[in-house]
Amino acid sequence: MRTGAALDVVELAAGIVLAGAVVALWRKDLRALISVLSLQGAALATVAAVLAVHDGDAGLGVVAGVVLLAKGLVIPGLLARVVRADPGSRETAPLVNVPASLVTAAVLVVVSYLVAGHLTALFPDPLTRLAPLGLATVLVGFFVLVTRRKAVSQIVGLLLVDNGVALVAFLLTAGVPLLVELGASLDVLLVVIVLQVLATSMRARFGHIDLDQLRELHD
Amino acid sequence: MLTVLLATGPGLLTRIGASVLQVVAVGVGGPLLLGLMGKIRARAEGRVGPPITQGLLDLRKLVRKEAIRAEHTSAVAALAPLVLVASAAVAAAVTPLVTSRPVIAGGADVFVVVYLLLMGSVALALGGLDAGTAFGGMGSSRAMTIGAISEPALLVAVLALAVQAHTSNLTGIVAASLSHPEWLASPERLLALAALVVVVIAETGRIPVDNPSTHLELTMIHEAMILEYAGPDLALVTLGEAMRLGLLLGLVANLFFPWGVDVSGGGFAMLVGLVALGAKTAAIAVLVALVEVSTAKLRLFRVPELLAGGFVLAVVAVTTGLVTR
């Protein structure tokens, strides 16, 4: 049974991941979203590292390094390059306004607590009890994904979902196998690189990166 | 209430004394904190600024002036400042500020304190409406719009601490967090602190939400409400607002950083508690003033966004608390 300081650190990191998702919904400045992602990546890596040290699992330690590198540094760095090319870019008109989406986020958090409560009751353990935080991050990430218009905010939504899934995986299974985690991280990295290419060519052709304006075909 | 008083036993006189001390500390400390914030802002902007005691000097000046009320006002306008000060004083008497054992400690429930504060804001809003002028109504309407989101957020943020401490009694929460120092860095506390900071800024009308130093009609909230007040009435309103500021800062200080609060009830411990309270609230006030200098005021229609964010952080804090305990 994991207790004491290690558990406190994991609790704190899990709380930071969920709070990051809420802040991502709150702020309109795309640069703020990217620093939130970077913080979330570091928090996830902390969870993995603490579990690795505690269980003496070298593979999980490598996973922690990969997570820190990919989610904490490389992906936010790539997104920051996309945003820097378009200074002053903000999520100006999301489909749902900010106060309403924040209230929705509150509802999603409560729902995930109620739903995941049944799940974690099957195997009560201080770590699995934190799983609702990961589930709530996934739900808030989905909400960002469907209500935001800018390409960068949508990819941030996708990454929030991914971070939430990773958090649940770390908490429930005490670490995914190294290969799976490597595959998932590289997959997301690839998505971000594709987005960067897409955003660059979109801006070159249309002068903006607003995906909603791409619904109609033009000659 | 009598049974509560009688049940406290031998230390009753000390505890009544402690409560009186808390009310005086908030009454004198509130204006001093306002003065301190003004001084820090002025220094950061490269001005000398008024002395820290300016708030108290203003109060003395206003009290000496002729009592005059706007035409056609009813008893509401006369009662509102009294209700504001009285509710803040009662809240200051029961909240654990200097000592963790004030008189009627059983009454220091989260809900009681928050609703005492709410009573003051509603009284002031009614007072603003009473004269029937355009500005008063506008200010009251804006203050109630903000209050409708910030009061629930305040309640839910403190509720996160109540979940952790298994009691909604403020003295119980302070005592529990004194005996569990490892709680101070727990995720629900950090989230609740973030939420509470947003709420305190909104409730006390500081910059991103309201600018206390201007009378610009497009933006002012609090100043619009009290435009019709003058003389001793204005002194009461100013005192009441300063007391609310002191009370909220003291609450944040003691709930999240409970060091130094007197638990034994002795005279020396109470002195330590008083000094600790002053130091902690002054530190928070300096931070708030520095934030004020470095941020621009939000557009009025974006204030609900800020407060909704605070509310959601509070909800997340409660959920985290339920998950981890």
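**Exercise 1. Decide whether H166(B) is buried or exposed, and describe its backbone.**

Solution. With 10 C-beta neighbours inside 10 Å, H166(B) counts as exposed. The cut-offs are these: a residue is buried if 20 or more other C-beta atoms lie within 10 Å of its own, exposed if 12 or fewer, and partly exposed in between, with C-beta atoms placed from the backbone. The position of H166(B) is the loop between α6 and α7 (170-179) of chain B. Helices (H or I, at least four residues) and strands (E, at least two) are DSSP runs, numbered from the N terminus. Most residues other than glycine have a negative phi. The phi of H166(B), however, is near 60°, a positive value in a residue other than glycine.

The model is predicted: local features need pLDDT of at least 70, side-chain atom pairs count only at pLDDT 80 or more, and totals for chains, interfaces and linings use all residues. Residues are numbered from 1 along each chain as its sequence is written, while chains are lettered from A and ligands numbered from 1 in the order in which they are written.

**Exercise 2. Describe the surroundings of H72(B) and G132(B).**

Solution. Begin with H72(B), which lies in the loop between α3 (54-64) and α4 (75-94) of chain B. H72(B) has 10 other C-beta atoms within 10 Å and is therefore exposed. Its phi is near 65°, a positive value in a residue other than glycine. Next, G132(B) is found in the loop between α5 and α6 of chain B. Because G132(B) has 13 other C-beta atoms within 10 Å, it is partly exposed. Finally, the two residues are 60 apart along the chain, and their C-alpha atoms are separated by 8.4 Å.

**Exercise 3. Determine how α5(B) and α6(B) are oriented to each other.**

Solution. Two packed helices are described by the angle between their axes and the distance between the axes. Axes are lines fitted to C-alpha atoms, for helices over the stretch in contact, and angles run from 0 to 180 degrees between N-to-C directions. The axes of α5 (residues 110-130) and α6 (residues 134-165) of chain B come within 9 Å and cross at roughly 175°. Therefore α5(B) is roughly antiparallel to α6(B), a term for angles over 145 degrees. The residues of this contact comprise 12 nonpolar, 7 polar and 1 charged. Here Ala, Val, Leu, Ile, Met, Phe, Trp, Tyr, Cys and Pro count as nonpolar, Asp, Glu, Lys and Arg as charged, and the others, Gly among them, as polar.

**Exercise 4. Examine the span and the buried residues of α11(B).**

Solution. Helix α11 (residues 267-294) of chain B has 28 residues. The expected span is 1.5 Å times one less than the number of residues, which gives 40 Å; from its first C-alpha to its last the helix reaches 41 Å, close to that value. Among its buried residues are G273(B), L277(B), K280(B) and I284(B). An α-helix has 3.6 residues a turn, so residues three or four places apart point the same way. The cover over the buried residues of α11(B) includes α2 (12-44), α8 (187-203) and α10 (231-256) of chain B.

**Exercise 5. Characterise chain B as a whole.**

Solution. Chain B has 12 helices and 0 strands. Its C-alpha trace spans about 55 × 40 × 40 Å along the principal axes. Buried residues account for 53% of its 325 residues. A compact globule with 325 residues would have a radius of gyration near 20 Å, and chain B agrees with its 19 Å. This radius is taken over C-alpha atoms, and the globule rule is 2.2 Å times the number of residues to the power 0.38.

Key: Parallel < 35°, antiparallel > 145°, perpendicular 65-115°, else oblique. Contact = placed C-beta atoms within 7 Å.
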